[in-house]
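Here are a few exercises to work through with the model open in your viewer. Try each task on your own before reading the solution that follows it.

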Amino acid sequence: MARRTDGTDAPRTSFTEPADLEPWVPGAGDVLSGDRIDGKRIDVLDLAGERVPDLELEESVVGTLRAGDADLRGLRIRDAAVGEFDAPVLRASSSTWREVRVTGGRIGSAELYDSGLTGVEFVGMKLGFVNLRGATLTDVVFRDCVVDELDLADAKLLRVAFPGTRIRAVEGTNTRVEHVDLREADLDRVERLEGLRGATIGTDQLYTLAPLLAAQAGYRVD
């Protein structure tokens, strides 16, 4: 159960890393579009530049996942752990993420629009532009990450938190926010917060964000 603090529910995450897995070393051409990888322990899964839409990764642990410029549209990843996710450009629109933990790596541009993320933890990652337009995020945590820009237009967020995460900009229209917690986020250098109206912030953050919030509301402070 999530803790309840001042009316803001925390994400309900209870990830358990899969065990009793079969070691697998995929070679060139071993992973094809629509394949299902299940119950595997993989040191390096190199999909960079590959066209593998509708790939399924389930009940598996991947040490390093390389996915730069790969076509991963419709990806389905469930009950999986990824140690390092490396993708200058991640093309994974309309993907499904359920009970997933990613504990490092860098994604320059993440195309995750129209995706569904449930019970997902991103830890210690560097994220550039994250396109979550039309996505649904439920019980998602960004912990100790750096996020340059989040595009949340038409997205739905329920029980999402950003502990220890530095956020530079959040944009979006028609974003639905419920139980989104920014109180442990680093917002000192934030430039835009338009996409998180309705989120919970702390009193100290309010003083820091006052000029930005006034400008967004159209007030001139003299």
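## Exercise 1: A chain of rings

Phe 122 and Phe 142 are both buried. The model is a predicted one, so every value below is computed from its atoms.

**Task.** Classify the ring pair Phe 122 and Phe 142, then do the same for Phe 142 and Phe 162.

**Solution.**

Step 1. Start with the geometry of Phe 122 and Phe 142: the ring centres are 5.2 Å apart and the planes meet at 25°, which makes the pair stacked because planes under 30 degrees apart count as such.

Step 2. Next, place these two rings in the fold. Phe 122 belongs to strand β10 and Phe 142 to strand β12 (residues 136-143), so the pair ties together parts that are 20 residues apart in sequence.

Step 3. Now move on to Phe 142 and Phe 162. Their ring centres are also 5.2 Å apart, with the planes at 5°, so this pair is stacked too. Phe 142 sits in strand β12 and Phe 162 in the loop between β14 (156-161) and β15 (166-167), and the pair links these distant parts of the chain, 20 residues apart.

Step 4. Check the burial. Phe 142 has 4% relative accessibility and counts as buried; Phe 162 is buried as well, at 3%.

Step 5. Put the rings together. The model has four aromatic pairs, and one aromatic cluster is formed by Phe 85, Trp 97, Phe 122, Phe 142 and Phe 162.

## Exercise 2: Two cavities

**Task.** Find how many cavities of 30 Å³ or more there are, and work out which classes of residue line them.

**Solution.**

Step 1. Count them: there are two cavities of 30 Å³ or more. The largest holds about 80 Å³ of space, and the second largest has a volume of about 60 Å³.

Step 2. Look at the walls of the largest cavity. Its lining includes Leu 90, Trp 97, Phe 122 and Phe 142. At least two lining residues come from each of β9 (105-111), β10 (116-123) and β11 (125-131).

Step 3. Repeat this for the second largest cavity, where the lining residues include Leu 72, Leu 75, Ile 77 and Phe 85. Here β6 (56-66) and β7 (76-91) each supply at least two.

Step 4. Sort by class. The lining of the largest cavity has eleven nonpolar residues, with no polar and no charged ones. For the second largest cavity the lining divides into ten nonpolar, no polar and no charged residues.

## Exercise 3: The nonpolar core

**Task.** Which residues have the most contacts inside the largest nonpolar core, and which element gives the most to this core?

**Solution.**

Step 1. The largest nonpolar core has 58 residues, and those with the most contacts inside it are Leu 72, Phe 85, Leu 90 and Trp 97. Strand β7 gives the most to this core, with six residues.

Step 2. Follow Trp 97 outward. Leaving out residues up to four places away in sequence, Trp 97 touches ten-odd neighbours you can pick out in the viewer, among them Leu 75, Ile 77, Phe 85, Leu 112, Leu 117 and Phe 122.

Step 3. Set this beside a wider pattern: in soluble globular proteins, nonpolar side chains tend to be buried together.

## Exercise 4: One residue in β14

**Task.** Is Ala 161 buried or exposed, and which residues is Ala 161 in contact with?

**Solution.**

Step 1. Ala 161 lies in strand β14. At 11% relative accessibility, Ala 161 counts as buried, because the cut-off is under 20%.

Step 2. Beyond neighbours within four places in sequence, Ala 161 is in contact with Pro 11, Val 140, Val 141, Phe 142 and Asp 181.

Note on methods: Residues numbered from 1 in each chain as written. Predicted model: local features only at pLDDT ≥ 70, side-chain atom pairs only at ≥ 80, totals over all residues. Heavy atoms only, no water. 1 Å grid on protein atoms, 1.4 Å probe; cavity = no way out; pocket = protein on both sides within 12 Å on 5 of 7 lines; lining within 4 Å. Points joined across faces, edges and corners; volume = space filled by probe spheres on them. Helix = DSSP H or I, 4+ residues; strand = E, 2+ residues; numbered from the N terminus. Nonpolar A, V, L, I, M, F, W, Y, C, P; charged D, E, K, R; others polar. Phe/Tyr/Trp six-rings, centres within 6.5 Å; stacked < 30°, edge-to-face > 60°. Buried < 20%, exposed > 50% of the residue type's maximum accessible area, 1.4 Å probe, protein only. Contact = heavy atoms within 4.5 Å. Core = buried A, V, L, I, M, F, W, Y, C linked by side-chain atoms within 4.5 Å.
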